[in-house]
Amino acid sequence: MAALRVLELYSGIGGMHQALKESCVCAEVVAAVDVNTLANEVYKHNFPSTPLWAKTIEGITLKEFDRLSFDMILMSPPCQPFTRTGLQGDVSDPRTKSFLYVLDILPRLQKLPKYLLLENVKGFESSSARNELLRTLETCGFKYQEFLLSPTCLGIPNSRLRYFLIAKLHQEPFFFHVPGQLETAEEMVRKHTQDNDPSIQMIKDFLEEENEEMSQYFLAPKSLVRYAFLLDIVKPTCRRSTCFTKGYGHYVEGTGSVLQTAVDIQLESVFKHIENLTEEGKLMKLSTLKLRYFTPREIANLHGFPPEFGFPDKVSIKQCYRLLGNSLNVHVVAKLISILLG
Ligand code: SAH
């Protein structure tokens, strides 16, 4: 069987490509497109033989798209216009322009792709961009199914609730028997944010061995005292962590969990009456927890990137966090690809 020709748009560090590999489909990425120079460096490092187009998507002509003669599109358009905390600029946000361009190109292609998979944030499902997408898919004769899924559905101790759409050309409607279809999402989220669900793996399965280099990941005393109450602290035996965003390691609030490496200390005993202590006393107490950030490798592990996936040396830790924060859970996407082609 001839390899499926895949176009990877907004390729970033290649989460989609990695998922495609994991799904064991006979496929070849015929072009990956992204404007971010650093993301592209990481992509090339891991997928050296894939043609990488370092240009804007709206700069690609219909003719160029036609020449690629692709059978499948994998894409994660910029999500900032749709985040709940963002300004929700939706279709009027300039960052949505390239996506609308893709929708405009799709019906005009010489040959429509057979398959399409899109990833975005929760919030996309109620956007006009999504309505435009569905309208375009229907016009072109695609059948589609939408999902809100988090890695917790696969037993991975990390929350990362994302919108997914998979679409198939001219075929029977999908019949899915997997959890997480849009209507059941709320229930699923509720179920999977508990910390005692044995179907979810422990954080420790995703951790690196502690070594000297870990010292750089420990929280600075200043952030410790200042942000103690905003931190989401997890132990290696926990079965959950919050979503790691691109601000991780830089901003503390809401960017992802931190790890308590002193496992014998009771969190409650540290925080009890802490407000009555002096700065120094607070610091003393909080330091006993030995809190550190998750390393980029550990976040990559939680995202499902295999051990051989790496970052070039010149990419700093902060930059790794940024890139990983924009990326996706490889296992979740691999599953969806299997369902789509199944
Ligand atoms: N799935 C990717 C991340 C997608 S984040 C991964 O696994 O890493 C969205 C990406 O779209 C970013 O890398 C950003 O650089 C890129 N991007 C945003 N607007 C673009 C445009 N107009 N043309 C090409 N790439 C764009």
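Visitor: What is the bridge partner of Gln 260 in E10?

Guide: It is Leu 291. This is a predicted model, in which local features need pLDDT of at least 70 and side-chain atom pairs count only at pLDDT 80 or more, while totals for chains, interfaces and linings use all residues. Residues are numbered from 1 along each chain as its sequence is written, and side-chain values use heavy atoms, with hydrogens and water left out.

Visitor: How do you know that E9 and E10 pair?

Guide: Two strands (DSSP runs of E, at least two residues, numbered from the N terminus) pair if DSSP finds at least two bridges between them. Strand E9 (residues 258-260) and E10 have three bridges, in the antiparallel sense, so they pass that rule.

Visitor: What makes E8 and E10 edge strands?

Guide: The open sheet has three strands in the order E8-E9-E10, with mixed pairing. Strand E8 (233-234) and strand E10 (291-293) each pair on one side only.

Visitor: Why do E3 and E6 have one side left without a neighbour in the sheet?

Guide: They belong to an open sheet of seven strands, ordered E3-E2-E1-E4-E5-E7-E6, again with mixed pairing. Strand E3 (52-53) and strand E6 (142-149) stand at its edges with a single partner strand each, so one side of each has no neighbour there.

Visitor: How do you know that E1 and E2 pair?

Guide: Six bridges join strand E1 (residues 4-9) to strand E2 (residues 27-33), and the two run parallel. One of the pairs to look for is Leu 4 with its bridge partner Ala 27 in E2.

Visitor: What makes an empty space a cavity, and how many are there of 30 Å³ or more?

Guide: Rolling a probe the size of a water molecule over the atoms shows where empty space is left. On a 1 Å grid over the protein atoms alone, a cavity is a set of points where a 1.4 Å probe fits but cannot get out, whereas a pocket is an open set with protein on both sides within 12 Å along at least five of seven lines; lining residues have an atom within 4 Å of a point. Points are joined across faces, edges and corners, and a volume is the space filled by probe spheres set on them. By this rule there are two cavities of 30 Å³ or more.

Visitor: Which residue classes make up the lining of the largest cavity?

Guide: This cavity holds about 50 Å³ of space. Its lining is Leu 7, Leu 9, Phe 65, Phe 70, Ile 73, Val 102, Ile 105, Leu 106 and Leu 109. Ala, Val, Leu, Ile, Met, Phe, Trp, Tyr, Cys and Pro count as nonpolar, Asp, Glu, Lys and Arg as charged, and the others, Gly among them, as polar. The division is therefore nine nonpolar, no polar and no charged. E1 and helix H4 (97-105) each supply at least two of the lining residues.

Visitor: What about the second largest cavity?

Guide: About 30 Å³ of space lies there. Its lining includes Glu 119, Arg 160, Arg 162 and Asn 329, and by class it has five nonpolar, one polar and three charged residues.

Visitor: Which residues come nearest the ligand?

Guide: Ile 13, Asp 34, Glu 58, Ser 76 and Ser 327 do, of the 19 residues around the ligand; a residue is near if one of its heavy atoms lies within 4 Å.

Visitor: What makes the approach of Ser 327 to the ligand a polar contact?

Guide: With the ligand, a polar contact is a pair of N or O atoms within 3.5 Å. An N or O atom in the side chain of Ser 327 is 2.7 Å from an oxygen atom of the ligand, so the pair qualifies. A backbone N or O atom of Ile 13 lies 2.9 Å from a ligand oxygen atom, and one of Ile 57 lies 3.0 Å from a ligand nitrogen atom.

Note on methods:
Polar contact = N/O pair within 3.5 Å; in protein donor to acceptor, adjacent residues only side chain to side chain. Helix = DSSP H or I, 4+ residues; strand = E, 2+ residues; numbered from the N terminus.
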